[in-house]
Amino acid sequence: MKFFLIGYMGSGKSTVGKLLSEELNYKFYDLDQEIEKEYDLTISEIFSRKGEVFFRKAERKMLDKLINLEEDAVVSLGGGTPCYGDNMELIKSSDTVRSIYLKLNIQTLLERLQREKTERPMISHLQTRELLEEFIRKHLFERGFYYNQSELILDCNGKDPSVIVHNLMENLR
Ligand code: S3P
């Protein structure tokens, strides 16, 4: 079985994924980190040197690879992974993948992304808090269509990663 963590940038997919994998004693994969290893470039460098279309193709290839893993694993996807091509259909159609949406409200995402935006090519150009908020609002609205197709949707507002993992362990039994 593989648990795929889905959610907007800053929703804690990597932190929660790592903790959940330790709790389950499963291997942990972070899709973005796997791409960075493969190309020996950071995600920001891939966007700036090769462009977003190249990144989305690499993301799809890595998604295929992770869906076909034959070991138990927890996998953190990128924020955009379920929203391109037929990626979400592919995730849903696999018998060995369970998808989990880590859902956070705009205010919480805004606070986190305001602090962490430099590493994220989708939002690093947004100069003011107002522009970032407007971007997240629109983007999350569009992406919600995909995220909400996850098998489990967990409200993560105001919860520490350890509480989220505890909630997941209860829900995934
Ligand atoms: C992206 C999210 C990022 C990364 C890339 C694109 C997106 O992952 O895959 O910068 O389109 O939302 P995180 O959600 O881990 O920041």
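Guide: Asp, Glu, Lys and Arg count as charged, and Gly counts as polar. Keep that in mind for this predicted model.

Visitor: What makes up the lining of the largest pocket, by class?
Guide: Ten residues are nonpolar, twelve polar and twelve charged. Lys, Asp and Arg are charged types, so K13, D32 and R120, among those nearest the pocket centre, belong to the charged class.

Visitor: Which helix gives the largest share of that lining?
Guide: α1 does, with four residues. Helices supplying at least two residues each include α2 (31–39) and α4 (52–67).

Visitor: How do you know where the ligand sits?
Guide: A molecule sits in a pocket if more than half of its atoms lie within 2 Å of the grid points. The ligand takes up the space of the largest pocket. That pocket holds about 690 Å³.

Visitor: Why is the pair between R56 and the ligand called a polar contact?
Guide: The cut-off is 3.5 Å between N or O atoms. A polar side-chain atom of R56 lies 2.7 Å from a ligand oxygen, so the pair qualifies.

Visitor: What makes G80 a polar contact too?
Guide: A backbone N or O atom of G80 is 3.3 Å from an oxygen atom of the ligand. That is within 3.5 Å, so it counts. For G79, a polar backbone atom lies 2.8 Å from a ligand oxygen.

Visitor: How much of the ligand does the protein bury?
Guide: Alone, the ligand exposes 390 Å². The protein buries 93% of that.

Visitor: Which residues come nearest the ligand?
Guide: K13, D32, R56, R120 and R143, out of 13 around the ligand. By class, that shell has five nonpolar, three polar and five charged residues.

Definitions and conventions
Residues numbered from 1 in each chain as written. Predicted model: local features only at pLDDT ≥ 70, side-chain atom pairs only at ≥ 80, totals over all residues. Heavy atoms only, no water. Near = heavy atom within 4 Å. Polar contact = N/O pair within 3.5 Å; in protein donor to acceptor, adjacent residues only side chain to side chain. Areas by Shrake-Rupley, 256 points an atom, 1.4 Å probe, with all protein chains shown as cover. 1 Å grid on protein atoms, 1.4 Å probe; cavity = no way out; pocket = protein on both sides within 12 Å on 5 of 7 lines; lining within 4 Å. Points joined across faces, edges and corners; volume = space filled by probe spheres on them.
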